[in-house]
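Let's take a walk through this structure together, starting from the pockets and working back to the overall fold. Have the viewer ready as you read.

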Amino acid sequence: MNVVVPRRRSTALNLANLLTYGRLVAVPVVVALLFWPQDDTARWIAVAVFVAAAITDYLDGYVARTYSQSSALGRMLDPIADKLLVAASLLMLCADGTIRGWSLWAAIVILCREILVSGLREYLAELKVGVPVSRVAKWKTAVQLVALGVLIAGPAGERVLPGNGTLGLVLLWLAAALTLYTGYDYMRSGIRHVIDDER
């Protein structure tokens, strides 16, 4: 007598992962649209795509937790999608001059922190040590995404809301300050595990 074993549904195409894939697809779309920095239509479409992608950053985690759709693939791709979206947007905004002068340092701090935390997470994963996301880190992410959304609007946003560019840069510096704080926090935690591992 043959026992029929029900096929296990793949988690690759669950809703939480589909939202993450959407964020990955949004990266080249935003980059392509920012190749026309003086075109208001391209700027506003880029803002819309970026905002939709930023919303999925919250939604995919919520869906995964609420509907038990957490998966190894999702846990791997989620931080990658976040970092690609932020890094690509920062590079394009620096390239078109939206972020310039001293504000370039804010962008550098944010990018360096992302690389630092990625390397730290990879090392700690080998030690089977998780790095929980702190409340301050969540605030940092929120401020960072709002700052980038405002800056992506660029000249088009300035025509609707004078001072839009200045607001975006102030938020970017705030995100950079929070980035330094959370980066130091992660590094301190990582070094403690490294020291413990060598004993």
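**Pockets and the helices around them**

H5 is the top contributor to the lining of the second largest pocket, giving five residues. This is a predicted model, and here the second largest pocket has a volume of about 250 Å³. Its lining is made of 16 residues, with Gly-97, Thr-98, Arg-100, Gly-154 and Gly-165 nearest the centre. Besides H5, helix H6 (164-198) gives two or more residues to this lining. Sorted by class, the lining of the second largest pocket holds five nonpolar, seven polar and four charged residues.

Now turn to the largest pocket, with a volume of about 1,300 Å³. Which residues are closest to its centre? Among the 44 that line it, they are Asp-57, Asp-60, Asp-78, Asp-82 and Val-133. Helices H1 (15-33), H2 (40-66), H3 (72-95), H4 (103-126) and H5 (135-160) each give two or more residues to the lining. The largest share is that of H2, with 12 residues. By class, 21 residues of this lining are nonpolar, 10 polar and 13 charged.

With the pockets in place, step back to the whole chain. The protein chain has six helices and zero strands, so to speak an α-α-α-α-α-α run from the N terminus on. Of its 199 residues, 38% count as buried. Among contacts with a separation of 6 or more, 78% are between residues 24 or more positions apart. On the outside, the chain exposes about 12,000 Å², and 68% of that comes from carbon and sulfur atoms.

Methods. Residues are numbered from 1 along each chain as its sequence is written. This is a predicted model: local features need pLDDT of at least 70, side-chain atom pairs count only at pLDDT 80 or more; totals for chains, interfaces and linings use all residues. Side-chain values use heavy atoms; hydrogens and water are left out. Helices (H or I, at least four residues) and strands (E, at least two) are DSSP runs, numbered from the N terminus. Buried means under 20% relative accessible area, exposed over 50%, partly exposed in between (1.4 Å probe, protein chains only). Contact means heavy atoms within 4.5 Å. Accessible areas come from the Shrake-Rupley method with a 1.4 Å probe; for residues, only the protein chains shown count as cover. On a 1 Å grid over the protein atoms alone, a cavity is a set of points where a 1.4 Å probe fits but cannot get out, and a pocket is an open set with protein on both sides within 12 Å along at least five of seven lines; lining residues have an atom within 4 Å of a point. Grid points are joined across faces, edges and corners, and a volume is the space filled by probe spheres set on the points. Ala, Val, Leu, Ile, Met, Phe, Trp, Tyr, Cys and Pro count as nonpolar, Asp, Glu, Lys and Arg as charged, and the others, Gly among them, as polar.
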